Amino acid sequence: MFGLGTQEVLIIALIILLFFGGKKFPEMMQGLGRGVKTFRDGMNDTTTQPQNEENPDSKQS
């Protein structure tokens with residue numbers, strides 16, 4: 001994970017917890033999870049735009 005070990009991740013999480021407090025941290029993680037889910041849904045969106053039967057470059061005048 002980006003070249004970070006377990007100890008580094010724990011230290012970063014502890015510092016974030018100290019800055020934002022115990023009540024705000026779960027709310028931030030919930031928002032992060034929603035953002036990741038929305039991003040994945042957007043990447044997996046299979047809707048396609050309707051294609052024209054004619055090629056716009058081959059219009060006859």
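Lys37 is exposed in this predicted model, and its relative accessible area is 54%. That value places Lys37 in the exposed class because the class begins over 50%. Its partner for our purposes is Asp41, which is partly exposed at a relative accessible area of 46%.

The side chains of Lys37 and Asp41 join in a salt bridge, with 3.7 Å from N to O. Both residues belong to helix α1, where 4 residues, about one turn of the helix, separate Lys37 from Asp41.

How many salt bridges does the structure hold? There are 2. Besides the pair just described, a salt bridge links the side chains of Glu27 and Lys24, again with a value of 3.7 Å, N to O. Glu27 and Lys24 are likewise located in helix α1, and they stand 3 residues apart, about one turn of the helix. As to accessibility, Glu27 counts as partly exposed, at 48% relative accessibility. Lys24 also counts as partly exposed, with a figure of 42%.

I turn now from charged side chains to nonpolar ones. Which residues form a nonpolar patch on the surface? They are Ile11, Ile15, Phe19 and Phe20, and together they present about 440 Å² of accessible area. Let us take one member of this patch, Phe20. Phe20 sits in helix α1, the helix that covers residues 6–43. Its relative accessibility is 45%, so Phe20 counts as partly exposed.

To conclude, helix α1 carries the pair Lys37 and Asp41, the pair Glu27 and Lys24, and Phe20 from the nonpolar patch.

How values were computed: Residues numbered from 1 in each chain as written. Predicted model: local features only at pLDDT ≥ 70, side-chain atom pairs only at ≥ 80, totals over all residues. Heavy atoms only, no water. Patch = residues over 30% accessible without salt bridge, like charges linked within 9 Å, V, L, I, M, F, W, Y side chains within 5 Å. Areas by Shrake-Rupley, 256 points an atom, 1.4 Å probe, with all protein chains shown as cover. Salt bridge = Lys/Arg side-chain N within 4 Å of Asp/Glu carboxyl O. Helix = DSSP H or I, 4+ residues; strand = E, 2+ residues; numbered from the N terminus. Buried < 20%, exposed > 50% of the residue type's maximum accessible area, 1.4 Å probe, protein only.
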